[in-house]
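Me: I would like to go through this structure slowly and learn how each label is earned. Could you set the values against the definitions for me?

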Amino acid sequence: MSEKEKMLAGKIYDPTDEELTILRTKAHRLSQHYNTLFEDDDLRNTIIDELIPSKGEGLYLQGPIYFDYGIFTSFGKNCYANFNFTVLDICPVNIGSNVFFGPNCSLMTPMHPLRWQERNIKFKDDKTAYDDEYAKPINIGDNCWIAANVVITGGVTIGEGCVIGAGSVVTKDIPANSLAAGNPCKVIREINEKDSIKYKKELF
């Protein structure tokens with residue numbers, strides 16, 4: 001297996017691999033370029049097409065954005081992310097349609113050994129520094145709202161129709177149609193028809 005294949009399969013891989021370094025550097029440059037442009041600049045669309053080729057229509061990223069690779073992230077239709085959207089897509093990040101992210105959301109697939117003896121920086125014979133790391137994928141179903149300052153860690157699946165409360169750290173799967181919040185994030189209750197805004201007279 002190539003180092004990229006190992007990485008995407010969730011195995012220990014070498015992050016200093018030349019192919020991965022080139023892909024990562026390209027994504028960082030594209031992200032940085034995107035962040036220098038005003039939101040009415042059409043060049044932003046060209047950058048997103050190159051950075052995130054696997055996406056449906058209607059994707060809008062407010063910016064600034066930060067992607068480790070971009071090409072390992074996919075979006076469905078009509079997705080939105082507010083300021084400071086960070087995606088470390090070491091393993092695939094799969095985002096459904098009509099998924100909205102509040103400001104400062106982070107999707108973090110990387111994993112590191114708990115024991116420092118295995119986690120610390122090592123050196124190859126040529127003195128190149130590296131570390132042992134791996135990753136787990138993130139999956140987010142359709143029609144989810146991820147509120148501000150949420151962190152989603154590797155290996156998590158969030159079912160369709162969920163709302164994740166602000167400031168949550170999601171470390172375990174969340175079943176569909178759940179209102180969940182906290183650190184660690186836990187299901188509060190199921191979202192149902194009684195939550196309709198039509199019952200909130202004060203809003204109209």
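Me: What makes E19 and strand E20 (residues 186–190) count as a pair?

Reply: Two strands pair if DSSP finds at least two bridges between them, and E19 and E20 are joined in the antiparallel sense over 4 bridges, so the definition is met. Strands themselves are DSSP runs (E, at least two residues), just as helices are DSSP runs (H or I, at least four residues), and both are numbered from the N terminus. One of the bridge partners is Glu 190 in E20, which is matched with Ser 178, and Ala 180 stands opposite Val 187 in E20. In this hairpin, 4 residues lie between the strands, and Gly 182 takes a positive phi near 110 degrees.

Me: Where do these values come from, and how are residues counted?

Reply: This is a predicted model, in which local features need pLDDT of at least 70 and side-chain atom pairs count only at pLDDT 80 or more, while totals for chains, interfaces and linings use all residues. Residues are numbered from 1 along each chain as its sequence is written, and side-chain values use heavy atoms, with hydrogens and water left out.

Me: Which side chains of strand E19 (residues 178–181) are buried?

Reply: Ser 178 and Ala 180 point to one face and are buried, whereas Leu 179 and Ala 181 point to the other face and are not. Buried means under 20% relative accessible area, exposed means over 50%, and partly exposed lies in between (1.4 Å probe, protein chains only).

Me: What does E19 pair with in the parallel sense?

Reply: Strand E17 (residues 163–164) runs parallel to E19 and is joined to it by 2 bridges, with Val 163 having Leu 179 as its bridge partner in E19.

Me: Why are E1 and E20 said to stand at the edges of the sheet?

Reply: The open sheet has 7 strands in the order E1-E4-E7-E14-E17-E19-E20, with mixed pairing. Strand E1 (60–61) and E20 each have a single partner strand, so one side of each is left without a neighbour in the sheet.

Me: How do you know that strand E2 (residues 65–67) and strand E5 (residues 85–88) pair?

Reply: They are linked in the parallel sense over 3 bridges, and Phe 85 in E5 is the bridge partner of Ile 65. E5 also pairs in the parallel sense with strand E8 (residues 106–108), over 3 bridges, where Ser 106 is the bridge partner of Thr 86.

Me: Why is Glu 39 called exposed?

Reply: Glu 39 has 51% relative accessibility, and therefore counts as exposed. This residue is found in the loop between helix H2 (18–35) and helix H3 (43–51).
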